[in-house]
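Visitor: Can you walk me through this one? Keep it quick.
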Amino acid sequence: MEQAQIETVGKLGATYGIRGWLRVYSSTEQAESIFSYQPWFLKIKGKWQQIELESFKQHNHEFIAKIKGFDDREQAQTLANVEIGVSLDVFPDLEEGDYYWHDLIGCQVLNLAGYHFGTVSELMETGSNDVLVVKANSKDTFGKQERLIPFLFDNVVKRVDLSTKTIEVDWDAGF
């Protein structure tokens, strides 16, 4: 499967126990939702490889999973810190005004005065709100290489147009 069709939804952490279980760190809105997106792909040596999830469960305040064919601690350890991805096809359609993060990557960001900040390179979750990480265009008059712009709809983000891949923000160009 082409890498462009796979979206990262989390990563595997350290091993748990001696029977091949691994901690799972989800980047889905509801942590347990990561298990409803199947099949999983793991990014091993830079390439996505489909795997079969044998089992998963919540343990204390975290999730652990067992990957089929990884039956002991040593085998499972080879998957520690590996990204978990799923095909974009498994994501449900969203309502108007809702966006998946992958939809926003690559969008051009402009302010209300028409100043072109650059391109969204990633999004970060800060706890209080999501943040657009905008890689500055090469002619940034303020010498910025990157800007962090809060993804606060109505307050900061005024318009998202996925058809033109643009995001309009109420944000000072010098900030």
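Guide: One term before we reach the hairpins: two strands count as paired if DSSP finds at least two bridges between them. Note also that this is a predicted model.

Visitor: Fine. What helices and strands does the protein have?
Guide: The protein has two helices and 13 strands.

Visitor: How many residues, and what share is buried?
Guide: There are 175 residues, and 37% of them count as buried. The C-alpha atoms fill a box of roughly 60 × 35 × 35 Å along the principal axes. The accessible surface is about 10,600 Å², with 47% of that belonging to carbon and sulfur atoms.

Visitor: And the charges?
Guide: 17 side chains are positive and 27 are negative. The centres of the two sets lie 9 Å apart.

Visitor: On to the sheets. What is the order in the one with seven strands?
Guide: E4-E3-E7-E1-E2-E6-E5. That sheet is open, and its pairing is antiparallel. Strand E4 (47-51) and strand E5 (53-59) are the edges, each pairing on one side only. On average, neighbouring strands are turned by 40° against each other, direction ignored.

Visitor: How many bridges hold E3 to E4?
Guide: Five, with the two strands running antiparallel. E3 covers residues 40-44. Trp40 stands opposite Ile51 in E4.

Visitor: What sits in the loop before E3?
Guide: Pro39 is in the loop between strand E2 (21-26) and E3. The peptide bond from Gln38 to Pro39 is cis, with omega near 0°. For context, most peptide bonds are trans.

Visitor: And between E3 and E4?
Guide: Lys45 lies in that loop. Lys45 has a positive phi of about 50°, though it is not a glycine. Most residues other than glycine have a negative phi.

Visitor: Is Lys45 buried or exposed, and why?
Guide: Lys45 counts as exposed because its relative accessibility is 82%, and the cut-off for exposed is over 50%.

Visitor: Now Trp48. Where is it, and is it buried or exposed?
Guide: Trp48 is in strand E4. Its relative accessible area is 12%, so Trp48 is buried. The cut-off there is under 20%. Trp48 and Glu83 are 35 residues apart in sequence, yet their C-alpha atoms are 9.0 Å apart in space.

Visitor: Which other residue outside glycine has a positive phi?
Guide: Asn81 is one, with phi near 70°. Asn81 lies in the loop between helix H1 (73-77) and strand E7 (83-87). Asn81 counts as exposed, because its relative accessibility is 55%.

Visitor: Switching to the sheet of six strands. What's its order and pairing?
Guide: The order is E11-E10-E9-E8-E13-E12, in an open sheet with mixed pairing. Strand E11 (146-150) and strand E12 (157-161) form the edges, and each pairs on one side only. Neighbouring strands here are turned by 35° against each other on average, direction ignored.

Visitor: What joins E10 to E11?
Guide: Five bridges, with the strands antiparallel. E10 spans residues 130-136. Val134 stands opposite Arg147 in E11.

Visitor: And at the other edge, E12 with E13?
Guide: E12 and strand E13 (residues 166-169) pair over four bridges in the antiparallel sense. Arg159 stands opposite Glu168 in E13. The hairpin of E12 and E13 has four residues between the strands, and Lys165 takes a positive phi near 55° there.

Visitor: Last one. What share of the contacts is long in sequence?
Guide: Take contacts between residues at least 6 apart in sequence: 50% of them join residues at least 24 apart.

Conventions:
Residues numbered from 1 in each chain as written. Predicted model: local features only at pLDDT ≥ 70, side-chain atom pairs only at ≥ 80, totals over all residues. Heavy atoms only, no water. Buried < 20%, exposed > 50% of the residue type's maximum accessible area, 1.4 Å probe, protein only. Contact = heavy atoms within 4.5 Å. Areas by Shrake-Rupley, 256 points an atom, 1.4 Å probe, with all protein chains shown as cover. Lys, Arg positive; Asp, Glu negative; His and termini not counted. Charge placed at Lys NZ, Arg CZ, Asp CG, Glu CD. Axes fitted to C-alpha atoms, helices over the stretch in contact; angles between N-to-C directions.
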